Amino acid sequence: MELNAKIPEGPLPAKWDQRLREGHLVGPSNRRKYTILVVGSGLAGASAAASLGELGYRVHCFCFQDSPRRAHSIAAQGGINAAKNYRNDGDSIWRLFYDTLKGGDFRSREANVYRLAQVSNQIIDHCVAQGIPFAREYGGTLATRSFGGALVSRTFYARGQTGQQLLLGAYQALERQVQSGQVRMHARTEMLDLVVADGRARGIVVRDLLTGALGSFAGDAVILATGGYGNVYHLSTNARGSNATAIWRAHRRGAGFANPCFTQIHPTCIPASGPHQSKLTLMSESLRNDGRVWVPKRKGDRRAPCDIPDDERDYYLERRYPTYGNLAPRDIASRAAKEICDEGMGVGPGGRGVYLDLDEALRRIGKSAIRERYGNLLEMYERITGEDPYRVPMRIYPAVHYTMGGLWVDYDLRSTLAGLYVLGEANFSDHGANRLGASALMQGLADGYFIVPNTIAAGLARAGPSPLDPEHPAFRDAERGARAKLDRLIASRGTRTVEDHFRELGALLWEHCGMARSERGLSAALERIPVLRSEFERDLRLPDTGATLNESLERAGHLADYYELAELMCRDALERDESCGAHFREEHQTPDGEARRDDQHFAHVAVWEHQDGGRPPLLHKEPLSFEAVPPSTRTYK
Amino acid sequence: MNFVLQLWRQKNPRAEGAFSRYEVGGITPDMSFLEMLDTLNEQLASKGEAPVAFESDCREGICGSCGVMINGAAHGPIGGTTVCQLYMRHFSDGEELVIEPWRARAFPVLRDLIVDRSAFDRIISAGGFISVPTGAAPEASSALVPKQGADAAMDSAACIGCGACVAACPNASAALFVGAKLSHLGLLPQGQPERARRALAMVARMDDEGFGNCSWHGECQAACPKSISIDTIARTSRDWSRAKLAAGRRSTPDRTNDSVSEP
Amino acid sequence: MRTLDELAEGPPHDAAPAADASVSQRRWRTTVGLKVLMAVTGVVLVTFLVLHLLGNLLVYQGPTALNSYSAFLVREPLLLWVARAVLLLSAVLHVGAAVLLWARDRRARPVRYRRVARRSATVASRTMRLTGLGLGGFIVFHILHLTAGIIEPVPFNEHDVYRNVVGGFSVGWVAAAYLGAMGLVGLHVWHGAWASLRSLGVSRPSPQPKHRPVAWLLALLLWGGFTSIPLAVWLGWVR
């Protein structure tokens with residue numbers, strides 16, 4: 001597997017211009033000869049499909065939901081970063097780049113991250129023009145707020161619904177292209193396999209979720225924008241339908257999988273209330289701007305939070321990280337919560353929770369200002385828990401939220417397979433070992449609106465319009481394989497439901513490959529996963545609704561892939577014998593419990609190549625070199 | 001908690017549907033309505049019966065996938081929420097719940113509680129956008145938007161496209177959905193150039209999809225999980241009438257632009 | 001394998017329905033246009049009702065005032081017939097639009113709900129079609145009674161409107177019919193006046209869009225004003 005990142009020559013700020021200058025183009029009248037398949041309709045997918053449609057390519061866009069507007073980007077609450085420096089607080093492209101690189105604990109590519117910071121400003125321009133109702137100051141200018149991991153105020157937001165508004169902007173642009181006939185939308189359609197011929201991605205196999213019919217689409221390029229794989233943990237903040245099947249199938253067809261163990265645990269989620277829990281709900285991190293995180297100082301203190309006097313509270317984030325305090329990055333805040341709960345200070349059912357207290361802010365700026373900023377979040381909290389956050393401190397606990405790992409891509413967002421591009425959370429590119437808040441929306445839109453429409457032309461121009469013959473055996477084989485897998489699942493006649501199996505895998509992974517990992521735990525997980533998998537294959541019960549609309553069948557298909565993915569994650573976590581960002585190996589910590597990175601041995605991207613026949617995957621390494629910013633210890637003290 | 005469910009079961013769009021009665025037990029007050037349905041489905045699955053098909057995705061009230069009628073109320077009795085964020089503590093133990101899909105000609109039932117809402121996508125694609133190709137945008141701060149205008153636009157933009165407005169309307173009208181989008185874009189300066197065209201196109205498409213008309217019952221606003229105001233429907237009437245009058249004067253529809261700072 | 005276009009058996013997700021061709025020809029006949037039409041004609045009819053009421057209230061000034069007012073109307077046939085034509089046209093358009101919309105609404109929900117919980121609709125809003133129908137019947141009766149003199153509870157005198165009114169209202173069932181009909185007027189105007197202004201888009205956005213001061217005023221004025229006359233006759237205040 002060749003890992004050439006194809007980073008343009010020249011100094012960091014000039015690299016993106018250099019790529020635009022040297023790239024091949026496709027002429028306007030030739031673009032309609034190319035068919036591009038976009039899988040996923042979230043921020044990255046919808047923006048890419050719309051932009052490519054505007055350029056004149058023939059685009060097919062696929063989503064498993066009933067409408068592209070429902071993609072899970074819609075649930076992002078907090079905001080989107082950009083280096084506009086509207087606040088005059090010393091922000092710049094360089095600083096956004098630096099913060100993102102440092103936030104990722106120096107496990108991302110300098111050139112990609114710098115480009116992301118450059119493009120960030122264009123995104124805001126474009127979204128404003130689209131009519132995104134960003135928050136405004138009384139003077140009519142755009143408002144910003146600060147977010148975890150940054151000392152400047154650079155996060156643009158639309159109440160607590162920034163993701164929704166940005167997604168609807170992209171969705172509307174997409175629907176405009178649907179209307180003009182440039183894009184064909186295929187909703188309720190799930191990708192089951194990638195079709196590869198002669199080392200090139202040539203199409204996809206899909207299943208119509210309503211009728212259960214299988215079919216194939218041929219294209220000159222395939223773009224995967226299918227989001228992350230956080231649902232491998234069973235409980236996460238991802239939508240119920242989010243899954244890893246598209247990227248996993250692409251991986252099995254030859255696309256390298258990079259840094260699978262880098263998963264972000266979000267510090268501010270509503271704690272689970274019982275085993276019936278179907279998903280975890282996130283409270284925007286922006287609450288940490290005005291909320292203070294604390295636990296009682298005394299172990300097993302059962303008093304109501306308001307009865308605990310200030311000097312008996314431990315504001316542990318402020319104590320341990322005086323500079324960043326409650327705004328410490330996500331991985332640090334999450335781990336700190338876990339540690340403090342492991343010590344027995346946790347609050348709420350099972351002692352799995354810490355307080356996030358708005359009391360001080362309520363007294364400082366008043367209830368109406370707090371409502372203005374977080375009104376809908378607090379309403380949501382009250383609805384779920386039945387407690388009033390204006391009076392009682394909220395209880396929060398970390399939950400799986402985002403996966404920094406994903407399919408490996410080069411500077412042009414092309415995977416290790418020609419013709420296969422991967423955008424947004426589905427790729428690994430920009431966040432290193434940890435993502436900063438309000439950067440996911442930025443990356444998704446950067447990839448979809450501005451990067452892939454420019455970089456895809458070179459690959460298309462080189463190959464020429466050459467749709468693969470529909471009778472090619474590659475299509476037949478892929479379809480047959482997908483059908484066989486479904487038939488196997490449908491034929492299962494065991495006793496345990498999909499959810500039952502799924503819960504067990506999720507719990508195992510959360511235990512051993514969650515916030516803290518160790519060689520012992522990971523090795524145990526690696527032994528256990530194949531056992532769980534064979535139990536799943538042997539003892540599964542699916543409701544007898546056959547091949548048509550059948551959510552259990554879909555979930556069983558996703559789960560079948562998760563076993564393999566979970567194994568790869570543990571393998572990668574074991575291989576990465578250091579602590580960095582969200583990846584915390586218990587063996588590698590400073591005496592006071594901070595992560596200890598090992599740049600000498602692990603300053604690389606770990607890229608895994610699938611091998612057929614049950615052989616273990618092969619590890620390749622893309623070395624990371626830091627020319628502009630020498631790696632420093634990531635400290636937020 | 002235990003519940004008796006009267007549930008609409010329908011195999012496919014062409015099949016006859018009917019209500020089936022189920023008893024579901026082991027429900028806790030902290031479960032969401034959908035988790036209650038999950039529990040029912042697990043119980044059905046372990047008996048080998050076909051689970052009840054219903055739609056959901058984000059389960060935090062923002063994607064708009066879920067939605068059923070519970071005892072005749074869209075998204076259930078408490079208002080201002082979707083069914084995924086409706087908790088069983090709002091029901092009483094032993095209660096009988098009648099659960100039906102959204103009913104409208106424009107939303108055909110696909111299976112059980114799942115309906116086809118692609119009509120909404122087609123209404124948006126008819127004109128619910130601002131035509132700005134990627135790359136063509138001016139600097140973000142070049143136009144100032146008064147805070148009141150931005151806030152009012154955001155109020156309307158909060159629509160999640162769940163279809164509860166149509167379901168709750170005695171006429172199965174999509175006026176609130178259309179009004180929300182027209183208001184969102186029409187209240188911002190960026191939306192002015194296409195304001196008239198947008199109103200004409202979206203209203204025409206709404207009618208073609210077979211929705212009913214607005215009789216100002218206000219049921220949509222009461223059912224809307226985002227509490228979008230029926231004021232947006234009045235704005236639709238205004239924008240549409242102005243666009244029609246302007247078109248009648250044979251001037252370009254673009255001349256109907258008017259002031260943005262409405263509220 | 002099946003290629004892309006074969007896969008889409010049913011209408012594709014983004015396909016327009018077949019009725020699309022009529023979009024450009026259909027000018028004002030959208031749901032919004034019909035509602036505007038209903039609102040405009042409704043405003044005309046309510047305006048007439050207010051004027052009609054003001055005229056009727058002359059009954060309290062005695063026979064001379066009322067009869068000379070009606071004589072004035074008869075002396076100006078042009079004014080009278082233009083007004084009647086406008087009213088008739090408005091009523092026809094109002095009812096026509098209502099019928100079209102009603103047919104549309106019936107089609108829009110082919111399968112009814114088993115259970116319906118109303119949260120915001122009022123008795124008035126839900127019975128607009130019924131009250132409208134009732135009013136239509138009443139108007140015919142009213143014209144036959146007091147304009148054409150075909151229905152004669154008491155002998156009809158073309159030149160003595162006052163006697164016709166007082167005499168008619170002295171008959172129990174006639175008074176009851178008028179009282180009932182005025183209830184319908186109140187309900188219909190209470191919802192209609194409010195809805196018309198919103199259908200015309202002239203109402204201002206408000207945090208409580210269901211507050212309706214104008215509608216209350218008009219409905220109470222019309223209902224109270226018209227109802228007072230048969231009541232006054234019945235109580236013997238006007239004789």
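In this predicted model, B:Gly127 lies in helix α2 (residues 118–127) of chain B, where helices are DSSP runs of H or I of at least four residues, numbered from the N terminus. Residues are numbered from 1 along each chain as its sequence is written, and chains are lettered from A in the order in which they are written. Because the model is predicted, local features need pLDDT of at least 70 and side-chain atom pairs count only at pLDDT 80 or more, while totals for chains, interfaces and linings use all residues.

With 26 C-beta neighbours inside 10 Å, B:Gly127 counts as buried, a term for residues with 20 or more other C-beta atoms within 10 Å of their own. Leaving aside residues up to four places away in sequence, B:Gly127 touches B:Arg197, B:Arg198, B:Ala201 and B:Met202, contact being defined by C-beta atoms, placed from the backbone, that lie within 7 Å.

In chain C, the axes of helix α6 (residues 128–147) and α8 come within 9 Å and cross at roughly 135°, so the two helices are oblique to each other, the word for angles that are not under 35 degrees, over 145 or 65 to 115.

The contact between chains C and B takes 43 residues from chain C and 49 residues from chain B. The table divides the chain C side into classes, with Asp, Glu, Lys and Arg as charged, Ala, Val, Leu, Ile, Met, Phe, Trp, Tyr, Cys and Pro as nonpolar, and the others, Gly among them, as polar.

| Class, side of chain C that touches chain B | Number |
|---|---|
| Nonpolar | 21 residues |
| Polar | nine residues |
| Charged | 13 residues |

Note on methods: Contact = placed C-beta atoms within 7 Å. Axes fitted to C-alpha atoms, helices over the stretch in contact; angles between N-to-C directions. Buried ≥ 20, exposed ≤ 12 C-beta atoms within 10 Å, placed from the backbone.
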